[in-house]
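Biologist: Could you walk me through this protein, one piece at a time? I will ask as we go.

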Amino acid sequence: SSGINAEYGSCGGISLFCGTTRDTFQNKRVLYLEYEAYESMAVKEIARICARLRQKHDVGRVYVAHRTGRVDICEMSILVAASSPHRASAIQFVSEAVDLIKRQVPVWKREWYEDGSVWKENCVLPSG
């Protein structure tokens, strides 16, 4: 068992987002990422985000995990899951949660390239 439990008896669907490390960024070869977090504040902010989104979307269980430390190419850095009676609510919850987490949670990413590293600011593209 993975320990991930977004299942809920009254729910007919689970939406899942897994963010992974890609091997290039703007034509530069990425070797790996490193994440740092203000952990206690990050946990509280993720809980606040989930509580706000629960008021907006009809979801059952939700699960959020964000790694810290080194994350190699193709490895997962963030996982967001939600169950709901119908798929639309779960999909919308997960999509909005990922955007808000990237924008508001105190987690910092450092990209390591062949010629050095750069601290990156999270950037959420406008929807639409």
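Modeller: Happily! Strands (E, at least two residues) and helices (H or I, at least four residues) are DSSP runs numbered from the N terminus, and two strands pair if DSSP finds at least two bridges between them. This is a predicted model, where local features need pLDDT of at least 70, side-chain atom pairs count only at pLDDT 80 or more, and totals for chains, interfaces and linings use all residues. Residues are numbered from 1 along each chain as its sequence is written, and side-chain values use heavy atoms, leaving out hydrogens and water.

Biologist: In what order do the three strands of the open sheet lie?

Modeller: The pairing in this sheet is antiparallel. Its edge strands, β1 (13-20) and β4 (62-66), each pair on one side only. The order is therefore β1-β6-β4.

Biologist: Which residue in β6 stands opposite V64?

Modeller: β4 and β6 (residues 76-84) run antiparallel, joined by five bridges. Across from V64 stands V80.

Biologist: Which element gives the largest share of the largest nonpolar core?

Modeller: Such a core is a set of buried (under 20% relative accessible area, 1.4 Å probe, protein chains only) Ala, Val, Leu, Ile, Met, Phe, Trp, Tyr and Cys residues joined through side-chain atoms within 4.5 Å. This one has 23 residues, and V80, F93, I101 and V105 touch the most other members. Elements giving two or more residues are β3 (28-37), α1 (39-56), β6, α2 and β7 (107-113). The largest share, seven residues, comes from α2.

Note on methods. Buried < 20%, exposed > 50% of the residue type's maximum accessible area, 1.4 Å probe, protein only.
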